[in-house]
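Colleague: I'm new to reading protein models and would like some help. Could you walk me through one, feature by feature?

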Amino acid sequence: MKHKIFITFMIFFFLLPPALLSIYTFSQNWPYPQLLPTSLSLHSFNYIISQKYEILASLFSSFLYSISSVILTLAITLLPARIFAWRKFRGRIILESLLITPALLPAMLFAMGAHYTFLKAGITDSFAGVVLILTTVSYPYMLRALTAGFIACGEDSAVCSRNLGAGPLRTFISVELPVIFPSIAAGGSIVFLVSFSEYFLVFLIGGGIVPSYSGYLFPFLNSSEHSISSLLTLIFLVIPMILFFSIDILLRLYYSRRYMV
Amino acid sequence: MNYSRIKILLYLLPLLIPFCVIFLSGIFLAVMQSMGIFVFSYTYPEYFFAYRELFSQGWFYHSLALTLFVSLSSSLISVIGGIYISYRIWKLPESLKKWGILTRIPLILPHITVGFIVILLFSRSGFFSSLSNFLGLTDSMESFPLILYSRLGIDIILAGIYKETPFAVIMIYAVLSRLDKRLIETALMLGAGSRQIFIRIILPHLVPVTGTVFIILFIYNIGSFEIPYVLGSSNPGMLSIRIFDYFFQKDLSMRPFAMAMLVVILIFSTLFIYLYSRLIAGVDIRDRKI
């Protein structure tokens, strides 16, 4: 009984907002003292269909810079994560915690200064600039995930493969990669989520020139068009979920093919 | 295999370059620009003029106080909620534990949309206002308490709690699930009640992680921008909103004021990290004694 009350509380607390968004999506009229809309319509869907090119373009742009950030964070953290996991050297702990700080400190603190650097380098208002700033805030998540992955898989099999005559690249592709792939997926999911839902940094560095879904959505949130904003918000919720589910399924397929057959 | 220092440095280089060129230099430039250096082609008579000007303004202190109050409240409530929810999930029978997945929902919602959800729920014409009217607690829109645009930033706190409690749950639950169950069994055998177990065994076990989570949330909240921006409360307004205004809306020559406020946030963040590291050091020593 006690558990049931707790679960009801959890459902109410965590599920009420998405549920409310779903109801608002279909509402045409929802005057004040009513607990449910007085009339329903597909107005919000019609609007979104009429704006589909602009919405798809902003979604595509957001998706592209988020995926690029995932790839870039992976590229820059792969070697350092191996070092942090497998080597002991003086100052390792301090260095590791220092390198995590971009995710801990408010992004505003360095992003406004970095805006000046980017301006001088001529990469403000550009796709590359957006990817660089998003990579800087989100690489700590990838670093943490990969370091944990490398610690868990250990160095022994890599050393063994090297002793058997495989080169570093071959060792990485056939020995290390299969083991740390789940860590890459975990770190990559967080990096993607952080980049995809970011509004401020994309606005600051992209300057409104680089289209983004968060930038497209923002003006609606302050408007009285609650049904359209609700539907757009639900899309924001659904896309990462689809992505995570497909990664999960892919991982399972990959491992069942590789090891179960 | 022993790597030389140079080789280690070489391997770390792909990370050290963006860390220094974008992150550290970004902070450095903020500090410099706050003193009127590197502000495009503008020159200023002295270094601390922006700080002097800010510290003589009433609104600055109001904004700073509001920022600290909002950050403190939302991190504190999120952490307490996080302890409570993780404890209850931990006590659920295995078959019901899957409900814990519900706590992940706010993690996927972007900050700006959480602000929007607070508007839908808590505005005077919103869902909770209608609900309280239905329950007979209020009889008109005006009798529902003003939560949006309140001077105390209650709307920002509520949005923060919804967004941050799940983070606290994940971190705290991870530590809680590593707790040795035999401790609980022994306590039960010795006749401890569940309240005593919670206070004497579980809470002390959670102190370090709770401190970490609190400090992470607190620092994040001091500089959080997106939620207050969507909620649009104006007076006195969070510091981050003021910074944004000075950065984008005002003349380029006003840039040092935005940067000086950033430096104030930076100082507070560093101060709290330092305090926290002292606190943790104290806890560790006590742990070692036991």
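Modeller: Sure, we'll go from a whole chain to its contacts and then to single residues. Keep in mind throughout that this is a predicted model.

Colleague: Let's start with the overall build. How many helices and strands are there in chain B?

Modeller: Chain B has 12 helices and 0 strands. If you walk along the sequence, the pattern is α-α-α-α-α-α-α-α-α-α-α-α. The C-alpha trace of chain B spans about 75 × 75 × 30 Å along its principal axes.

Colleague: And what share of the residues in chain B is buried?

Modeller: Of the 290 residues in chain B, 51% are buried. You can also look at how far apart contacting residues sit along the chain. Take the contacts in chain B with a separation of 6 or more: residues 24 or more positions apart account for 70% of them.

Colleague: Now the two chains. How do I read the size of an interface?

Modeller: Interface size is often given as the accessible area lost when the parts come together. Here, chain B and chain A bury about 7200 Å² between them, with 82% of that area coming from carbon and sulfur atoms. In chain B, the residues that lose the most area to chain A are L15(B), I22(B) and I108(B), and together they make up 10% of what that side buries. As for residue counts, the contact takes 80 residues from chain B and 76 residues from chain A.

Colleague: How many salt bridges and polar contacts are there between the two chains?

Modeller: Between chain B and chain A there are 0 salt bridges. The polar contacts come to 5 residue pairs, both residues being at pLDDT 80 or more. Helix α1 of chain B, residues 5-34, gives the most to the side that touches chain A, namely 18 residues. By class, that side of chain B has 60 nonpolar, 15 polar and 5 charged residues.

Colleague: I also want to look inside one chain. Where do the domains of chain A begin and end?

Modeller: Domain 1 of chain A covers 1-41, and domain 2 covers 54-258. Their C-alpha centres lie 33 Å apart. In this pair, 6 residues of domain 1 are in contact with 7 residues of domain 2.

Colleague: What area do those two domains bury, and which residues of domain 1 supply it?

Modeller: Domain 1 and domain 2 of chain A bury about 530 Å² between them, 76% of it on carbon and sulfur atoms. On the domain 1 side, L21(A), Y24(A) and T25(A) supply 80% of the area buried against domain 2, more than any other three residues. Helix α1 of chain A, residues 2-26, gives the most to this side of domain 1, with 5 residues. The classes on this side are 3 nonpolar, 3 polar and no charged residues. There are 0 salt bridges between the two domains.

Colleague: Time for single residues. Is S240(B) buried or exposed?

Modeller: For this you compare the relative accessibility with a cut-off: under 20% is buried. S240(B) is at 0%, so it counts as buried. The residue lies in helix α11 of chain B, residues 239-249.

Colleague: What does S240(B) touch?

Modeller: Beyond its neighbours within four places in sequence, S240(B) is in contact with M108(A), G223(B), S224(B), F225(B) and P228(B). The side chain of S240(B) also reaches the backbone oxygen of S224(B) at 2.9 Å.

Colleague: Let me try chain A. Is T136(A) buried or exposed?

Modeller: Its relative accessible area is 1%, so T136(A) is buried. You'll find T136(A) in helix α6 of chain A, residues 127-153. Apart from neighbours within four places in sequence, T136(A) is in contact with residues including P18(B), I22(B) and F23(B). You met I22(B) before, as one of the residues in chain B that lose the most area to chain A.

Colleague: Last one: which residues does E176(A) contact?

Modeller: Setting aside neighbours within four places in sequence, E176(A) is in contact with R82(A), W86(A), F150(A), A158(A) and T171(A). E176(A) belongs to helix α8 of chain A, residues 168-197. At 3% relative accessibility, E176(A) counts as buried.

Methods:
Residues numbered from 1 in each chain as written. Chains lettered and ligands numbered in written order. Heavy atoms only, no water. Domains from an automatic or database assignment. Contact = heavy atoms within 4.5 Å. Buried area = accessible area lost by both parts, 1.4 Å probe. Salt bridge = Lys/Arg side-chain N within 4 Å of Asp/Glu carboxyl O. Helix = DSSP H or I, 4+ residues; strand = E, 2+ residues; numbered from the N terminus. Nonpolar A, V, L, I, M, F, W, Y, C, P; charged D, E, K, R; others polar. Polar contact = N/O pair within 3.5 Å; in protein donor to acceptor, adjacent residues only side chain to side chain. Buried < 20%, exposed > 50% of the residue type's maximum accessible area, 1.4 Å probe, protein only.
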